[in-house]
Amino acid sequence: MDIINWKDEFSVGVKEMDDQHKKLIGMVNKLISEQTSLTDQRTIADLLTEMTDYAQVHFRAEEYLMAEYDYDQKALQEEQHQAFIDKTIAFYSASDIGPNILSTALLDYLATWLIGHILKEDMKYKKFFKSKGLS
Ligand SMILES: [Fe+2]
């Protein structure tokens, strides 16, 4: 699986959010690039936990901004963020956790969700935050 290369079109116009998105993409890229070499289940589980922990930090920061500026799609964003965390945790806390924990299905889900969410949902707040003077 290919790693995700950051492109300017991923920018949501708020530096703090772009930086957090870049860090999150970096964490997913680390999982993608080490998929075949990482064999220790504990290490993989730790990396995944680290990524979901940071995703939560980022989601809270994003939702905090949305609340502060009364963004009208905050509820939808919260729902999607929670669904992502739940689904990711479900992937790696399944009872049949085994050597395939870092499956292509999981990595594919993480990468597809992240890019899809940034480009579709987060991109909707670009204009909104810009109009509030954020950059
Ligand atoms: Fe978001």
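**A loop, five helices and an iron ion**

Once its neighbours within four places in sequence are set aside, Y69 is in contact with F128, F129, K132 and L134. The model that shows this is a predicted one. Y69 lies in the loop between α2 and α3. Its relative accessibility is 25%, so Y69 counts as partly exposed, a class that begins where buried ends, at 20%. One of its partners, F129, belongs to the residues with the most contacts inside the largest nonpolar core. Position in sequence is a poor guide to position in space here: Y69 and T52 are 17 residues apart along the chain, and their C-alpha atoms are 26 Å apart.

The loop between α2 and α3 also holds D70. This residue has a phi near 55 degrees, which is a positive value in a residue other than glycine. With a relative accessible area of 66%, D70 is exposed, because exposed begins over 50%.

From the loop we can turn to the helices, starting with α2 and α3. How are two packed helices described? The terms used are the angle between their axes and the distance between those axes. For α2 and α3 the angle is about 175 degrees and the axes are 10 Å apart. An angle over 145 degrees counts as roughly antiparallel, and α2 and α3 therefore are roughly antiparallel to each other. On the α2 side the contact is made by L48, T49, M51, T52, A55, Q56, F59, E62, E63, M66 and A67, and on the α3 side by K74, Q77, E78, H81, F84, I85, T88 and Y92.

Two further residues of α2 show how burial can vary within a helix. D53 is in helix α2, and at 46% relative accessibility D53 counts as partly exposed. The C-alpha atoms of D53 and I85 are separated by 9.0 Å, although 32 residues separate the two along the chain. E63 is also in helix α2, but at 8% relative accessibility E63 counts as buried. Apart from its neighbours within four places in sequence, E63 touches K74, E78 and H81.

Helix α1 packs against α2 as well, at an angle of about 165 degrees and with the axes 10 Å apart. That angle therefore makes α1 and α2 roughly antiparallel to each other. Their crossing is left-handed. Among the residues of α1 that meet α2 are M17, H21, L24, V28 and L31, and among those of α2 that meet α1 are L48, M51, Y54, H58 and E62.

The pairing of α2 with α4 has another direction. These helices pack at an angle of about 10 degrees, with their axes 14 Å apart. Angles under 35 degrees count as roughly parallel, and α2 and α4 are therefore roughly parallel to each other. L48, M51, F59 and E62 of α2 make this contact with L106, L110, W113, H117 and D122 of α4.

What lies between the packed helices can be read from the nonpolar residues. In soluble globular proteins, nonpolar side chains tend to be buried together. The largest nonpolar core in this model has 42 residues, and V28, L48, F84, L102, L110 and F129 have the most contacts inside it. At least two residues of this core come from each of α1 (15-33), α2, α3, α4 (104-122) and α5 (124-131). Helix α2 gives the most, with 11 residues. L48 can serve as an example: residues up to four places away in sequence not being counted, L48 touches L31, Y92, I101, L102, L106 and L110.

The last stop is the metal site. Which residues coordinate the iron ion? They are E62 (OE), Q77 (OE1), H81 (NE2), H117 (NE2) and D122 (OD), at 2.2 to 2.4 Å. Along the chain these donors follow the spacing E-x14-Q-x3-H-x35-H-x4-D. Among them, E62 in helix α2 (residues 41-68) and H81 in helix α3 (residues 74-92) form a pair that links distant parts of the chain, 19 residues apart. Are E62 and H81 buried or exposed? At 1% relative accessibility E62 counts as buried, and at 0% so does H81. E62 also takes part in the helix contacts described above: it is listed where α2 meets α1, where α2 meets α3 and where α2 meets α4.

Terms used: Residues are numbered from 1 along each chain as its sequence is written. This is a predicted model: local features need pLDDT of at least 70, side-chain atom pairs count only at pLDDT 80 or more; totals for chains, interfaces and linings use all residues. Side-chain values use heavy atoms; hydrogens and water are left out. Donors are N, O and S atoms within 2.8 Å of the metal (3.2 Å for Na, K and Ca); water is not among the atoms, so sites may look incomplete. Helices (H or I, at least four residues) and strands (E, at least two) are DSSP runs, numbered from the N terminus. Buried means under 20% relative accessible area, exposed over 50%, partly exposed in between (1.4 Å probe, protein chains only). A nonpolar core is a set of buried Ala, Val, Leu, Ile, Met, Phe, Trp, Tyr and Cys residues joined through side-chain atoms within 4.5 Å. Contact means heavy atoms within 4.5 Å. Axes are lines fitted to C-alpha atoms, for helices over the stretch in contact, and angles run from 0 to 180 degrees between N-to-C directions. Angles under 35 degrees count as roughly parallel, over 145 as roughly antiparallel, 65 to 115 as roughly perpendicular and the rest as oblique. A crossing is left-handed if the near helix is turned anticlockwise from the far one by less than a right angle, and right-handed if clockwise.
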